[in-house]
Structures are given as C-alpha cells and as structure tokens.
Amino acid sequence: MIPETIRKRLRELDRRRRVHEAAAGAGRWTALAVGTLAAAALADWLIDLWMDTPWGLRVGGLAAQGLVWVGAWAAWVGRPLLARRSWRDLALWAEDRFPEFGDRLITAVELNAPGARTEGMSAELLAAVTRQAEDLAARTDLRARLDRRPLRRGGVSAAAAAAFAAGAFLAAPETSRALLVRQFLGDRAIPRSVALEPVADRIVRPAGEEVVLQFRARGRLSWEGLRGWVRLESEGRPSETYAMSFESADPEGAVFSARIPPQTGRFVCRARLRDGRTRRPAELLYEPRPVVTRLEAALVLPEYCGRRPDGSRYEQARPRGDVAGP
C-alpha cells in the first residue's frame, strides 16, 4: 500500500490543483458572462432605437445566454473540481517538477499500489526506496510549483469584466439598470435623451386636405434647430417620410410638427427625433367629403289653407329645392 505520507502530499497537491483550475475557470466564466450580457444589451439598445425589440428575440437571447453560461461553468469550473487524478499521474507531475525525487516517488507509488507486480524484486530495496520517497515527500511542499499563470489570467479576466461593468453603471446608471432588467425579460423602457409622443393619437381629416401632425418632445435639450422625421405607413403602399421641425415650447417640453400633403386612406404615423421615437404610433385617417346626391324639399302650407282629415297641414313638393309661397 502507498504510504500515508505520500498519499497525503499527493492529495494536497490534487486539491490545490483542482482549486486553481476551478478558480481560473471562474475568472474566465465571469468575463464570458459579462461579455455575452453586454453584447445582448447592446443589441437590445440598437434595435430599440428603431423598433420595439421582439419578445421572441429577447426570450431566445436569454435562453442562448443561459446555455452558454451553464456549459462554460460546467466545463471551466465543475469539471476541474470533480476531476481527480490518479496517484500515478500526480507522482509523475511531481517527478517532472521536482528532479530531486530521482524517480523514487513514482517507484514508491507504482510498486506499493494494490496489484503491483513485485515478483523477483528485493523487498529490502523496495522498502529503502519507499522510505526515501516518504522522507522527500514529507519535506517537500508539492503545491509550491503549481503553474499559477492560468489563475492570474483568470483573475485579470474577472477584474477586467468587473471594471467594465462598474464603468458602464457609473457612466450611464439608468440605462445600464434598464438594459440589465430587460435582459432578464423585465418590462422597462430604455432611457433616451428625447421622449416623444403624438399630441393626438387619432386624427381624422377630409380626403385631399393638407394635415399638420404634431408630436410632443420631452428632455433636457435645446429644442430650437432640431429636426426629426415622420414616417407614414399604409397597408399595400410604400412608406413615406416627411421632415419634422420645432414649432413651440412650453413647460412640458416642446411641440414638433410635420406638414403632410393631401392624401387618401389610413396611415400609421411614427416619429423620430435624435435617439427618441414614438412608442405608440398615431393614426391618420382621411375620410371622403360629404357629397349631395339628391335634394328633396317640401313647402308646409299655412293653416288658412286648411288641414288634412288627420289634422296635419298640407304640403307642396318642391323637386328642385326652391322655396316659394303660394
């Protein structure tokens, strides 16, 4: 049987090796998790500039990130913690890094292992080699020559990821919090420098008449000189874009307007100003003007002309709509 002194030293070596590998993996995993989260948040931020990020995309992104995180954690942290090396592999590792053992350690491990073939070997010589290996193992800290470079690289990766996350939260705390909540499917709007909404959600105008669409903007900006655009979308027709300019300001923000030339039909109107956009569109509906197709008139005669048997007054039809007394 392998002496307890040697086994103790090899167990200490294996335990420290597994902790080092798992810690290095945890550092890499932290960098990976922060990186994938930042990439998904950036994609969400860019998509939200133009449209609401599709719910399916958000769910799929979170699921993909979860798979990557779990797989990387299992490979970089879980497996090193659970992977135990054999006594022989540990002894060979120690022999490679501590030449002073002179093959005594691996000899003591292999020839004292259960089932070792020692027929024809000198028992005294084997015992002497084993004692020498025990003495050297007792005086040697095998953990001292573990390669710490992966551990340092993992620490640097984790520190860089933490510094990046801290910098993002310090630079844009509200946006960072909103993006983080959204990555876990929370219902939070991404803050923008401009909040834009239609003054009227539904506008009805006669067909063929020019329309002025108005949108209210809120934010801490100088509004004069800013220009945006309004896009009109209608089913079965190409979208149209019109310039939107500053009209007036009040304590609640500013009003921007766009002149829409005469149109017909129904349109969905979306506006954009700097990085802000309308979260809910306005509806522009053109209705046909009333048209007179038939004119009917009747002259009700005065009482001195008599009454009908039912007591009502007599009437005279006027097909052309002209009114003249009898």
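A salt bridge here is a side-chain nitrogen of Lys or Arg within 4 Å of a carboxyl oxygen of Asp or Glu, and by this rule the count comes to 29 salt bridges. The model is a predicted one, in which local features need pLDDT of at least 70 and side-chain atom pairs count only at pLDDT 80 or more, while totals for chains, interfaces and linings use all residues. Residues are numbered from 1 along each chain as its sequence is written, and side-chain values use heavy atoms, with hydrogens and water left out.

A good place to begin is helix α1, which spans residues 4-48; helices (H or I, at least four residues) and strands (E, at least two) are DSSP runs, numbered from the N terminus. In this helix the side chains of Arg7 and Glu4 meet in a salt bridge, with 2.8 Å from N to O, and the two residues, being 3 residues apart in α1, are separated by about one helical turn. An α-helix has 3.6 residues a turn, so residues three or four places apart point the same way. Glu4 also forms a salt bridge with Arg11, where the closest N and O atoms are 2.6 Å apart. Glu4 has a relative accessible area of 41% and counts as partly exposed, a term for values between buried (under 20% relative accessible area) and exposed (over 50%), with a 1.4 Å probe and protein chains only. Arg7, at 21%, is partly exposed, and Arg11, at 33%, is partly exposed too.

Asp48, in contrast, is buried, with a relative accessible area of 2%. Asp48 forms a salt bridge with Arg279, the closest N and O atoms being 2.8 Å apart, and this pair links distant parts of the chain, since Asp48 belongs to helix α1 and Arg279 to the loop between β8 (276-277) and β9 (282-287), 231 residues apart. Arg279 itself is partly exposed at 36%. Both residues belong to a network of salt bridges that also links Asp52, Arg192 and Arg277. Within this network, Arg192 lies in the loop between α7 and β1 (195-198) and counts as buried at 16% relative accessibility. Leaving aside residues up to four places away in sequence, Arg192 touches Trp45, Asp48, Leu49, Asp275, Gly276 and Arg279, contact meaning heavy atoms within 4.5 Å.

Helix α7 covers residues 173-183, and its buried residues are Thr175, Ser176, Ala178, Leu179, Arg182 and Gln183. Seen down the axis of α7, these buried residues fall within an arc of 165°, so they line one face of the helix; the arc is that of the directions from the helix axis to the C-beta atoms. What covers them includes α1, α2 (55-82) and α6 (149-171). After α7 comes Leu185, whose phi is positive, near 70°.

The strands can be approached through β7 (residues 266-273), which is mostly covered, as 6 of its 8 residues are buried. Two strands pair if DSSP finds at least two bridges between them. Strand β4 (residues 227-234) pairs with β7 in the antiparallel sense over 5 bridges, and Val268 in β7 is the bridge partner of Glu233. β7 and β9 run antiparallel and are joined by 4 bridges, with Phe267 standing opposite Leu284 in β9. β7 also pairs with β8 in the antiparallel sense, over 2 bridges, and here the bridge partner of Arg272 is Arg277 in β8. The hairpin of β7 and β8 has 2 residues between the strands, and in it Arg274 takes a positive phi near 55°.
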